[in-house]
Each structure stands twice: as C-alpha cells, then as structure tokens.
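Here is a short tour of a few features worth finding in the viewer. Keep the sequence and the structure side by side as you read.

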Amino acid sequence: MSEISAGLRRVISVITARTGLHYYTDKPALLEKIIDARMKALGCRGYVDYLARLDDATLGEAEWRELESAVTIGETFFFRYAEQFRALETTILPELLTRLRGVRVLRIWSVGCSNGAEPYSVAIVLRQLLKQRGELGWTIEILGTDISTRALEQARGGEFGWWALRDLTERQRAEWFVPVVEGRTWRLKDCYRQMVRFRHANIMDLPRGRGPAGPFDLILCRNVLIYFDPLQVTRLVQAMAERIAGDGWMLVGHSEPIGPFESVMQPVRLPGTMAFRAKGSTAVAPVALPARQKAESFRYGAPRLPSRRPVALPALPEAATADPGREAGILRTIRQLADGGATRRAVTVCHEYLRRSPMAVGVYFMLGVLLLALGEHEGAVEGFRRVIYLRRGHVMARCYLAHLLERTGAADDARRLRAQARELARSLAAGHVLEGGGGLTAGGLLRLLQDKENHDASLLSTLSDIASGMS
C-alpha cells in the first residue's frame, strides 16, 4: 500500500470501510482496475473527482451500488457444500418443522446470497420435506440479502447457466427448472422462486442495528466472513447471533473462522459439518428419516466414477514462462463459456490455449474441472497431474486427483495424495486462501480432511467452489 498513490489509497480506504472487504487491503492492484473502470465510465478526471461522486448526495448512492456490485466476490452454485445440505434435509429443517408445527411459521435468512443459488436450494429442500410430511398451511419466509444489486437482479430473475447447476443430475434439473435456451440456461420453477424474496443489504450495517430484523429460525452465512477483518468478524457474528431465535440454527462455510461463532453460540456436531445454535439451546441428536423419505432423499455431490485406471502423464513440452495476465483473461472466457452451457467449446479453448502456453497451471486446473463435470475422468486425471507437475505446492489439485483415483480403485495413491495435501496445508498459515479453492483456506481444508478420515471418497462434494479461484 505504501507504493500506491495517496488518492488511490484514500479510495480503497473508503471502499473497505463501507463494504468491510478486508480481502482487498493487500491487493490494491485488483481494486485499482475496478476503480479505474468506474472512473472511465463516469468520465472522472481522477481519484478526487471519483470520491466527490461517491459523496454526492444525489448521485453517490447509485454509484455505490455499481461499485459494490463490481467488488463483490459472488461465485456460487446450487447445493454447494453437500454435507451441509444433508444436515439441512435430515436434521435441521425436520427439527424446525417439528418444533414450530404449532405456529407454522418458519423464517430463514441467507446472508450474502449472491445470485440466489443458496436460498433457492434451501427452498427446494424445504418444499420437498413439507410434501413428504404432508404438511400444508405453512408461512415460509426465506430472505436472501446481498450488497451487489447486479447479483440480486439475477437472483430475482431465477435464470442460471450450466456452471451454477453443474452438481445436479438431469432428472433434478428437469424436475426443478424449465429450459430457457436448451443446453445453456434454465429458469427455476415458480413454486420455488415464490418461496424466496431478495433485498439489498450491507452486512456492515448489522452492528449498528440496521439490516434484516430477527428473529430467524435459520441463518446461513457461508463464504462471507472470510473476506472480512477478524475484529469486524467478531462484531458481525455477535450481531447475527442476536437475530437468531432462541432455538434457532446457524450454518457457516467450512472456511469461516470458527472462534467468533463458538464464543457466542453453541456448536453442534453433525455428520460431516458443524452447525451452531443460540447459547442455552438444548443439544439435538440427528433426526432419523422415515423409510420413504430416505428413499426420496436428494443425491448430493459428484456422481460415482466408472472403474478406469489413470493414464500416464505425457511429456511436458518446452515452453516459456506463463503470462499471468493472459491466463486470467482466458480463464474468464472459459468460465463464461461453461456458464453459458458451451462446455465442449470451453474444453476446446483450454486445449488451444495450452498448445501455445503449456505452463498455464490455472488452465490445466480448469480443464480438469470441466472434464470431470463431463464424465471424462481419464482426461481429468491427466489435467490435475499436470497441475501438480507444474506447481508442486498446489493443494487443491491433490485433493481432486485423490478423489478421482480413489473412485477408480487406486486407494493407495489416493491416500498418499491426501497425506501430501494435509502436509502442504499444515505448512501454510491457517487463513491462507488456497489456489483454486474458491475461498477455502488451509485451515478450512484441514478441518475437512479431519472430518473425512478413513479416505471417504465423498470429500470432493464438500469442497468449496473450485471455479472462483480461477479469475
């Protein structure tokens, strides 16, 4: 920060004070690009001009909304963190429905909802549960809030590309969505969209008594606080805890700092995840599902892989050093193609780029992701092996390769790769954000690996969004 201009430093300070995105404090170059683009769009002559626009009583709020949408990190997808949705389906929501049957009112808040995939996923599970239980006449309030007006606009529209739906089976996609552009975009059915409402809100307003008013029976705050300063996190957790009903629940992301939650709420260990309840709540044991409900439960996470042995890694061609700027640009293009349903074209772009730049680690990683999604597992194995070959310390590539190898019967190799991933994560600071982990920290991964001892092959489905680390 000492090497940047005083004007830029002032703008960054104003932005972080309002949004709380401490994530950018040591990444001024990222914010500089965003700010320069906004200044160019407005015709501002410099930072002083832009600060004046942000402070303008008439025009400032509109520009803040544009800027907040630009700086928000909002990658997500349906049923992200499979273990948590299993906990919602089998324990948390059944407990709430049973306990609140007398009033038949349930209030849920999705903090930092981005494009709406999270609250809509909850709506799908909840509607399924109510149907299975044969219960009518409930008042369901699911609120999604975000600082990004751009994300909220998409959420209200309820249209999603393939990338946001990549964990769904064809049957699930057909049951819950209607195609808009065949093979490219789908719209969530009205029965689920009507269960969720969205509003603009800044989480930084909570400690000042503003924002959504409680009590809420369930709050989801996942992959939000990892971008905030630790002191801010403590205040924000306290503010959210004050908005939870007496026996309510909170779910947080695997990468969130746990300490602030444990200090004001009661942790509850559930299979594969940790949940929190208001202090003084009676601990709850997992709720047993009736036989019919077990049969109809959702399948979360990646499908089983066929028994194929991994292919040998071809020789790496000679190449010059990778260009990070060009690589970031091509990754954005690849993600846009994938999100628009042009997955095969995205794979082709990966191959074309790698022929010219065979040292591009991020593109190899994305290629592995795309091929895994397409069911071409031998190619995915090769892609992740290339990543490890080019960058020995790449933790996430080892995790995904371990998953693939375990599915193909190479349990010893998978065990070795997980052990390597664990040791690499231990060598990093707990708050270090892992490359390709979508915000997952080294400490968060270690907790996942601890939960997944005995080499449980479903580790892949619990990891955070691999794509958000690509840009």
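## Cysteines and disulfides

In this predicted model, the disulfide count comes to zero. A disulfide is a covalent bond between the sulfur atoms of two cysteines.

How accessible are Cys44 and Cys191? Cys44 has a relative accessible area of 17%, so with the cut-off for buried at under 20%, Cys44 counts as buried. Cys191 comes out at 26% relative accessibility and is therefore partly exposed.

## Helix α4 and its surroundings

Helix α4 is a good place to pause, as its length can be checked with simple arithmetic. The helix has twelve residues, 60-71, and at 1.5 Å a residue it should span 16 Å. The C-alpha atoms at its ends are 16 Å apart, so the expected span and the model agree.

Which residues of α4 are buried? They are Gly60, Glu63, Trp64, Leu67, Glu68, Ser69 and Val71. These buried residues pack against four other helices and a strand: α1 (6-19), α2 (28-42), α3 (47-55), α7 (149-157) and β6 (196-200).

## Salt bridges involving α4

The model has 21 salt bridges by the rule applied here, and α4 takes part in some that are easy to locate. One of them joins Arg65 and Glu61, with the closest N and O atoms 3.5 Å apart. Both residues sit within α4, four residues apart, which is about one turn of the helix. Arg65, at 29% relative accessibility, is partly exposed, and Glu61, at 39%, is partly exposed as well.

A second bridge leaves the helix: the side chains of Glu66 and Arg150 meet at 3.7 Å, N to O. This pair links distant parts of the chain, since Glu66 belongs to helix α4 and Arg150 to helix α7, 84 residues apart. Glu66 is partly exposed at 36% relative accessibility, and Arg150 is partly exposed with a relative accessible area of 47%.

## Helix α9 and a shared network

Further along the chain, Arg193 forms a salt bridge with Asp190, the closest N and O atoms being 3.4 Å apart. The two residues both lie in helix α9 (residues 190-193), three residues apart, or about one turn of the helix. Arg193 is partly exposed with a relative accessible area of 22%, while Asp190 is partly exposed with 45%.

Elsewhere, salt bridges with shared partners connect Glu95, Arg99 and Arg277 into one network.

How values were computed:
Residues numbered from 1 in each chain as written. Predicted model: local features only at pLDDT ≥ 70, side-chain atom pairs only at ≥ 80, totals over all residues. Heavy atoms only, no water. Expected span 1.5 Å × (residues − 1). Buried < 20%, exposed > 50% of the residue type's maximum accessible area, 1.4 Å probe, protein only. Contact = heavy atoms within 4.5 Å. Disulfide = S-S within 2.5 Å. Salt bridge = Lys/Arg side-chain N within 4 Å of Asp/Glu carboxyl O.
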